Structure formats: structure tokens, C-alpha cells
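Here is a walk through one protein chain, from a sheet to a core to the charged pairs. Keep the structure open while you read.

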Amino acid sequence: MFTTADNSKPLTSKNGKSTRRTSRRMPLLFLLLVGIIPGCATQQSQTATKEYMFWPPAPETPHVEFLTSIATSRDVTGQQGNLENILYGKEQTADLPFTRPYGIRMSQGCIYVCDASAANVSILDFRKKEVRVIGKSTEMSLLKPIDIAVAPDGIKYVADTGLSAVIVYDANDKYAGKIVTPKLRPVSLAIHDTELYVADMYASRIRVFDRFNGKELRTIGQSMTENSGKGQLGGVMGIALDKDGEIYANDVLGCRVQKFTPDGKFLFSIGGLGNRAGNFVRPKHMAVDSSGILYVVDNAFQNVQMFNDKGQMLMFFGAPGTHPGAMQMPVGICTTDSDLDLFQKYSHPDFEVQRLILVTNDVGGAKISVYGLGVLKPGKTVADLNSARVNRVVGFEDTSGAPRTLDLSADATQPAGTQPAPTTQPTTVPAASAGTVQTTEPAGMPAANVAKP
């Protein structure tokens with residue numbers, strides 16, 4: 001836990017002896033306050049107007065908004081203001097940086113982040129405003145944690161490629177055991193009921209274990225041959241399960257996502273190697289939200305692509321650059337419908353966040369980026385966000401094809417992703433202007449934009 005130490009003592013008078021000393025100090029204290037407070041007000045009035053980043057851009061209705069980023073533990077625990085430090089001399093909060101964040105999950109107000117370089121899992125507790133670390137005990141020390149899965153009962157499973165095992169922690173974050181099998185290289189995890197799904201990069205298969213006793217139940221997929229046929233995986237990298245237990249798996253050699261039934265029957269594949277929307281170059285971790293939308297992180301495109309449960313491309317968000325919400329070598333991702341209140345203050349007042357999307361970045365200052373999937377509030381239009389938007393053209397190199405855009409009904413009761421994804425007509429991208437990140441955009445694929453209130 002990272003806490004703030006308070007070594008201050010209140011100003012008091014004892015037996016009347018310090019009354020004159022205190023009274024002599026009061027004018028100085030008063031002048032100090034008078035000098036500081038107007039200065040703060042002046043500084044606040046000169047602060048630049050906040051920018052809001054949305055995907056897709058106007059004139060299309062926005063669905064994804066960048067909310068905030070997290071760089072160190074101070075972004076969770078908070079830190080003291082200058083006024084408090086000057087008056088009371090409090091010590092600064094201890095700071096825990098995130099070196100190389102990878103797998104990520106969020107549950108009950110806590111974000112769990114695997115740090116592959118620091119060899120630990122950080123627990124960012126936003127409700128208690130504290131940060132805890134697991135994986136550094138004498139009983140079990142993590143070596144290279146890559147992913148984490150948190151079960152509804154609070155049990156945590158950590159994929160550690162350095163230890164060639166899945167490390168298990170109980171609901172109280174205490175070491176409870178490990179799941180091992182010969183030559184296991186776990187890189188991604190998913191849970192469905194009593195089963196733990198492990199992406200084994202070494203075997204190029206998905207291994208399914210009983211998550212309570214560690215017994216291996218079955219495997220899904222086959223190692224890739226020269227034909228790279230259906231159901232074959234070449235270095236499986238990410239897995240994700242939907243609410244029905246159907247499995248998505250991607251692999252680094254095939255650069256595609258394949259979908260399987262719970263018993264391992266191949267259903268269909270998505271994408272392949274390419275530089276246009278719907279293809280992949282370096283797919284990493286994936287997530288499936290409660291409505292069945294699949295999110296795929298691509299470390300080369302430096303964005304997240306979204307697909308419906310039929311494998312149809314919906315939209316993408318994120319891109320390299322310096323704009324709000326830019327990604328730098330993204331790797332991990334998770335979604336949650338809970339704890340929206342923790343980040344609502346970062347959202348545009350006319351936009352209703354219905355789901356959180358968290359993405360880890362391997363490099364750069366924004367180690368964890370938080371996005372919101374949502375809709376415009378009732379009665380609001382795109383123009384209400386702001387008429388003076390700064391468009392940032394960010395996308396893929398190839399402009400062929402007709403990518404799809406996300407179709408979310410204004411009726412919040414309609415599950416997202418269950419409606420057909422409409423094809424948009426090719427559009428002409430204007431010439432690059434000041435602040436442009438990239439000058440090309442796939443046909444029909446919306447650019448990102450920044451709105452100023």
C-alpha cells in the first residue's frame with residue numbers, strides 16, 4: 001500500500017506562552033495564503049481548454065471516447081497540492097512506476113496489471129486509492145508475468161512465461177499453488193465457469209484445465225503446417241471467450257483470429273497478414289465484451305480493431321501519434337461494464353459511457369489508457385460535442401476495400417454488436433493540415449477527432 005505520511009502538528013498555544021508568537025506568525029501566514037490563492041486562480045484561468053478524443057469522427061456518431069491514462073501509482077493514490085505542502089510540510093506519496101505493462105483485467109474497482117519487467121502484478125485499487133503488489137513474496141516470486149485472469153470468486157491466475165507455469169492466488173491475493181505441464185509457455189488466459197483456458201505459444205494450442213485442481217481436460221487447435229489450414233495455429237498469442245464459451249484465438253504466424261466452439265470445432269477465421277482494416281500484422285491480446293464485440297490489439301498498427309460475433313469489421317480506435325488516446329506498442333486489453341463512475345468525470349458531458357476499455361502500452365508515458373464505449377445522451381447530437389473539432393487523420397496505409405462502422409442503436413436496451421454492420425461508401429480524405437498524424441485513411445474508415453468544449 002502506498003500511503004501519505006502526515007508529520008504535521010496543529011498550531012496551538014500552551015499556557016498562553018505562545019500566544020504572541022502565534023499572533024506574530026499570523027500576518028505572515030495570511031500574506032502567504034493571499035499570495036498563493038490568487039496565483040492558483042490565475043493559473044487555472046490560463047489553463048488550456050480540455051480536448052476530447054472520439055472515434056469515429058463527425059459527421060458520424062461517436063462510439064469510443066478516450067478518457068484518461070495512467071502512468072504511475074500516483075495516478076491512483078493521488079498526491080498533495082502545493083498549498084498543503086507549504087503549510088504543513090507533508091511528505092510526498094511513494095511512487096510506483098509501471099515498467100512494461102502487459103496483460104490487464106479490471107474487477108470490483110481494481111485494475112490488475114502484469115508488469116513483465118518488474119516481475120509483479122500491480123493492483124490499482126481506485127476505491128481505496130491505494131496500490132498493492134503481488135508476486136514478490138518469499139513463497140512465490142514471479143519472473144515474467146504476461147497475463148492475468150480474475151474469476152468471479154476472486155481467484156487470480158497469472159501466466160508467467162519465465163516460470164513456465166500459471167500461478168494461482170486466492171481471493172485474498174495469497175499464493176495458492178500453480179498449474180504446470182511439460183514445456184508450457186502460457187501467454188494469455190481466459191476463464192469460463194470452472195475451466196481455465198491457457199494459450200500455449202510453445203505447443204501452438206489452447207490448453208483447457210480444471211481451474212480448481214489443475215487437471216488438463218483437453219486441447220483446442222493444432223500446430224500450423226505449411227498449409228496453415230482451418231483450426232491450425234502458428235504461435236498462439238491471444239485468446240478470449242464470449243459469454244457462451246466460444247473461443248477466439250489469434251496466432252503470430254497466421255496473423256488471423258480463429259473462432260472455435262467450446263469443444264474445439266472450428267467456426268471461421270478473421271483477417272490475415274495485410275495493411276488494411278480487418279487484417280493484422282502483430283496481433284496481441286484480445287477481449288470480448290458482454291455484448292459479444294471482439295477487440296483485437298495490433299502491436300504494429302498500434303490500434304484496436306473491433307468485430308461483431310460473425311467476424312465482421314465494425315470499427316477501430318487508437319493510432320500512433322501525440323494526440324489524446326494515441327497508442328504506443330499496445331499489448332493488453334480488457335473491458336468491463338462496472339465501475340463506470342470511477343472515470344465518468346473524464347467524459348464529455350454530452351456523452352454517456354456504457355462500457356470501459358483498458359489498453360496497456362509497452363512504451364511511452366501512457367502505460368494504461370482508458371477508453372469509454374457509449375452513445376450520445378438523449379437529445380444530443382454530434383454538433384453538441386463541439387462545432388470546432390480538430391480532426392486527426394489516423395488509419396491504415398491501404399485505402400482499398402470498404403471497412404464497416406459500428407452500428408449502436410440509440411436505444412440502450414439493444415445489445416451492441418447484435419445488429420448488422422453496415423458498409424459505408426468510399427470517402428475522400430482531405431489533404432493533411434497542421435496536427436495531422438497520418439495522411440491516409442481506408443475508404444469509409446472514419447478518422448479520429450478531438451472535440452473542444
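Two strands count as paired if DSSP finds at least two bridges between them. Strands themselves are DSSP runs of E, at least two residues long, numbered from the N terminus. With that in hand, look at the hairpin of strand 4 and strand 5. Four residues lie between these strands, and Ala 119 takes a positive phi near 60° in this hairpin. Bear in mind that the model is predicted.

Stay with this region. Strand 4 and strand 5 run antiparallel and are joined by six bridges. One of the paired positions sits beside the turn: Asp 115 has Asn 120 of strand 5 as its bridge partner.

Now follow the chain onward. Strand 5 covers residues 120-125 and pairs with strand 6, again in the antiparallel sense, over five bridges. Val 121 has Ile 134 in strand 6 as its bridge partner. Asp 125 stands opposite Glu 130, also in strand 6. The hairpin of strand 5 and strand 6 has four residues between the strands as well. Here Lys 129 takes a positive phi near 55°.

Step back to the whole sheet. It is open and has four strands, in the order 3-4-5-6, with antiparallel pairing. Strand 3 and strand 6 (130-134) are the edges. Each has a single partner strand, so one side of each lacks a neighbour in the sheet. From one strand to the next, the twist averages 20°. Strands of a sheet pair through backbone hydrogen bonds, either parallel or antiparallel.

How many residues of strand 5 are buried? Six of the six are, so the strand is largely enclosed by the rest of the structure. In a regular strand the side chains alternate between the two faces of the sheet. Check this by direction. Asn 120, Ser 122 and Leu 124 point one way from strand 5. Val 121, Ile 123 and Asp 125 point the other way. Both sets are buried.

Take Leu 124 next, and ask which residues it touches. Leaving out residues up to four places away in sequence, its contacts include Ile 70, Val 76, Phe 98, Ile 111, Val 113 and Val 131. Glu 130 and Ile 368 are also among them.

Leu 124 leads into the largest nonpolar core, which has 27 residues. Leu 124 is one of those with the most contacts inside this core, a group that also includes Met 106, Ile 111, Phe 126, Phe 343, Leu 356 and Leu 358. Several elements each supply at least two core residues. Among them are strand 1 (52-55), strand 2 (64-70), strand 3 (101-107) and strand 4 (110-115). Strand 26 (351-361), strand 27 (368-376) and helix 4 (382-385) do so too. The largest share, four residues, comes from strand 26. In soluble globular proteins, nonpolar side chains tend to be buried together.

What about charged side chains? The count comes to 16 salt bridges. One is at the sheet you have just seen. Arg 132 forms a salt bridge with Asp 125, with the closest N and O atoms 3.2 Å apart. Is each partner buried or exposed? Arg 132 has a relative accessibility of 22% and so counts as partly exposed. Asp 125 has a relative accessible area of 5%, so it is buried.

Other pairs reach across the chain. Glu 246 and Lys 259 meet through their side chains in a salt bridge of 3.3 Å, N to O. This pair links distant parts of the chain, 13 residues apart. Glu 246 lies in the loop between strand 17 (236-241) and strand 18 (247-251), and Lys 259 lies in strand 19. Lys 259 is buried at a relative accessible area of 4%.

Asp 337 and Arg 355 meet in a salt bridge of 2.6 Å, N to O. These two are 18 residues apart. Asp 337 is in the loop between strand 25 (330-336) and strand 26, while Arg 355 is in strand 26. Asp 337 is partly exposed, at 37%, whereas Arg 355 is buried, at 10%. Return to the sheet for one last link: Asp 125, Glu 130 and Arg 132 are joined into one network by salt bridges that share partners.

Finally, the cysteines. A search of the whole structure finds zero disulfides. Cys 114 is buried, with a relative accessible area of 0%. Cys 255 is buried too, at 5%.

How values were computed
Residues numbered from 1 in each chain as written. Predicted model: local features only at pLDDT ≥ 70, side-chain atom pairs only at ≥ 80, totals over all residues. Heavy atoms only, no water. Core = buried A, V, L, I, M, F, W, Y, C linked by side-chain atoms within 4.5 Å. Buried < 20%, exposed > 50% of the residue type's maximum accessible area, 1.4 Å probe, protein only. Contact = heavy atoms within 4.5 Å. Axes fitted to C-alpha atoms, helices over the stretch in contact; angles between N-to-C directions. Disulfide = S-S within 2.5 Å. Salt bridge = Lys/Arg side-chain N within 4 Å of Asp/Glu carboxyl O.
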